[in-house]
Amino acid sequence: MKFAVSLFLMLFIWCQAPLSVTTTATVAIETAASTDTQNLQQWHPSEDGIVALSGPWEFYWNRLLEPGDFAGGLPEQPLTVSVPAEWKSYAIDGQALSNEGYATYRMKFVISGETGGRPLGLYVPNIASAYRLWINGEHLDGNGTVGTDSASMIPRSHPKVYSFAPRPGDNELVIQVSNYAQRTGGIWEPIELGEAEKIASLHRNRVMIWAFLTGCLLVMTVFSVFLYLFRKQDRSALWFGVICLAICTRSSLLGESFVYVLFPGLSWEWGVKLEYLSEIATILSLAAFVNQQYPQEAMVRLFRFFATALAVFGLFVLITPARVYTHFMLPYVIVLLLPVFLYVMYVYIRAALRHRTGSRTNVIGFLGFFASVIHEMMYYTGLVPFGGLVSFGLLFFLLTQLLNLSLLFTRAITRSELLSVELNKVIESQEETIRQRTSDLQSLNLQLEQGNRELSRIENVRSALLAEVYHDLSTPITAIRGFSKAIHTAVIPQEEAPAYAGRIYERSLMLEKLIDNVLELSQLNTGETQFQFVEVPLLPLLRQWSHRYAAEASAQGVRLIWEEPDLPLPPGQEPLAVLDLFRFERVFANLISNAVKYTPDDGRIRVWTEFAPAADPDHGLVVVIHVADSGIGIPEEALPHIFKRRYRVPGIHQTKAGSGLGLAICKEIVARHQGEIGVKSIIGEGSDFYITLPAHACASKAGAEAYAEGGYDGDDDSAD
Ligand code: ADP
């Protein structure tokens, strides 16, 4: 914003400099305007700068005179006028002149001898609308073709610079002017005189300012068009580009009108048309631009009305000659230009009140522009001495727009960068989630694979087990079938039938036990068995079981002895173990049953316990339960296989009924109690099966109570 303001001020001062000199000098000359000759004897071009040749001028209406016509004195009585002024401000016999017609201007000015020695320059502005020029009798070109009617004249109007060698003393300037082309006629801008160098530099400066303005506007045009092409949904950039181009065109046609130098073929008529059309395009695109900027504040119907009216006026400009449509300048300004400006102002103020983005900058920029327009109008109505600020006003406005545009884009880019960072974060978090989910899925997959493997393993265990026991299952069934058929077909004598029935009963019991064992082992192997662990006092339990199985053993002629241990515990404490009572009793029963089976009559079974501290102090105690018999023993080579499924010691052992599954079941159950089972045996002396279990000490009352819940009858202290 600061940059825009200072740039504008700089341009303004630069542009103002020569005009200020002109104004000052004009005042000095006016003091001598009462005589027929403009007295410039006191004028020192190098110090005083440039002066305006304001008059008095001799004015010959409807006469085209040349310097030679004045050789014999004045051809007729002239009108004395001052310049600049339009013809219609002059009057003959109280009758105002028309702006259409032709005339000759003549003026004499006196310069000092010193000034007369140096080349001087003449800055001739727009003269409406063709002229021829003589200085001191020398013809110095002109602009267009002067004629006595519209057919004979060719209009051409843009500033020109002439240099000439003045004469010390009297100098004469003769200008023929004709106008049949536009509403203003005559010399209506000041003719300036100065050192040839200064006049040239004045012209050069003005051209440079024009070039600067035009360059800025062209760059803005290209910039905006590219913006629009890259982002077509934002049409404000396009309208901004149209505004820049239209102003660029207009400023090339006004002021120094350099466009006529660049394009000599461009006729005055088309130049003026372009000037008007570019102005119409400017205000039309300005309103459209504002509508795009603040659509919520815009009044679309009003805009459509303006657009239609401007288009109609544009068409009118296109099809009529300049001398027609230039007369409609005032209604055009009042009915279209001013209302559109007020509309734009209204939208901007409304947007500013609603705190829309960039609206305050817009109001400031547009106020600057509006002020320059008002100033221009005041210049045309003669209220201010200089004009031509509209282009700067527009440039200022455009700069503020450019500032807004840059701010918008910067914000958009910053926002898009922020969004991109946010997006990256979201993507990263998404990636993290995806990674997490993938890992979850992978572990789920792993679990499924494990489950699958486990299922296969279970299936394999079952199949293997079934295959292994098939023979044992089929043998009793075959026997049962044979016995029952024998009874049924009366192959055997009647009196032997009960014995056969008894065998059938035995085999069926065997079969039942076998099936029970197979099922139990299968479930243990596959992990399907659910254990119900409880903490129990160990010694009362073993004591009770020993007592329970002692009768069974004794029926087989074997004595079962429970040996009370020496507890390595403080008084009032007893060992507790965590057991599944049902299954652990099965282990105990199996060991007792085996011991009875493989111990001859009068044999003896001892059940006793040992205690030792655990390797890990946290686990308290290790208890070893022994079931030792005085039976036939087990050969050493059979010991490593004794706990394997379906293993039976060959030889005498196989004379006893059995499936070879009991110890395998025991091993599985003990393992599930975090314990181990083992055996020591000596052939002919007996076998000692032992179970090692984790245990811990506890106050005996609590332990007894806990076990009482499990149904312990604490009176038994010996199975003997
Ligand atoms: P079984 O039903 O054959 O007894 P087990 O798995 O219980 O099956 O025992 C496997 C084998 O171990 C038995 O066949 C037997 O040869 C041997 N065995 C088990 N206990 C004893 C024991 N107390 N004395 C001698 N041999 C035994």
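This is a short talk on a ligand site, one arginine beside the ligand, and a pair of helices.

Good morning. A reminder before we start: this is a predicted model.

Let's begin at the ligand. How many residues are around the ligand? There are 21 of them. Asn594, Asp629, Arg648, His653 and Leu663 come nearest. By class, the shell holds nine nonpolar residues, nine polar ones and three charged ones.

Where does the shell come from? Three elements each supply at least two residues: helix α15, residues 581–597; helix α16, residues 662–672; and strand β20, residues 686–699. Which of the elements gives the most? That is α15, with four residues.

Now the polar atoms. Look at Arg648 first. One of its polar side-chain atoms sits 2.8 Å from a ligand oxygen. Next, His653. Here a polar side-chain atom is 2.9 Å from an oxygen of the ligand. Then turn to Ser687. An N or O atom in its side chain is 3.5 Å from a nitrogen atom of the ligand. And how much of the ligand's area does the protein cover? On its own, the ligand has 520 Å² of accessible area, and the protein covers 98% of that.

Let's stay with Arg648. Where is it in the chain? Find the loop between β18, residues 621–629, and α16; Arg648 is in that loop. We have just seen its side chain by a ligand oxygen. That side chain also reaches the backbone oxygen of Lys656, at 2.6 Å. A polar atom of the Arg648 side chain is 3.3 Å from another backbone oxygen, the one of Gly658. What else does Arg648 touch? Leaving out residues up to four places away in sequence, the list is Tyr598, His653, Gln654, Lys656, Ala657, Gly658, Ser659 and Gly660. Note His653 there: it is also among the residues that come nearest to the ligand.

On to the helix pair. A word on how to describe one: for two packed helices, we give the angle between their axes and the distance between the axes. Our pair is α8, residues 300–319, and α10, residues 329–353. Their axes come within 11 Å and cross at roughly 145 degrees. The crossing is left-handed.

Which residues make the contact? From α8, we have Leu302, Phe303, Phe306, Ala309, Leu310 and Phe313. From α10, we have Tyr332, Leu336, Pro339, Val340 and Tyr343. What classes are they? The contact has 11 nonpolar residues, no polar ones and no charged ones. Now recall the ligand shell, with its nine nonpolar, nine polar and three charged residues.

That's my tour. Thank you.

Definitions and conventions:
Residues numbered from 1 in each chain as written. Predicted model: local features only at pLDDT ≥ 70, side-chain atom pairs only at ≥ 80, totals over all residues. Heavy atoms only, no water. Near = heavy atom within 4 Å. Polar contact = N/O pair within 3.5 Å; in protein donor to acceptor, adjacent residues only side chain to side chain. Areas by Shrake-Rupley, 256 points an atom, 1.4 Å probe, with all protein chains shown as cover. Nonpolar A, V, L, I, M, F, W, Y, C, P; charged D, E, K, R; others polar. Axes fitted to C-alpha atoms, helices over the stretch in contact; angles between N-to-C directions. Left-handed = near helix turned anticlockwise from the far one by under 90°. Contact = heavy atoms within 4.5 Å.
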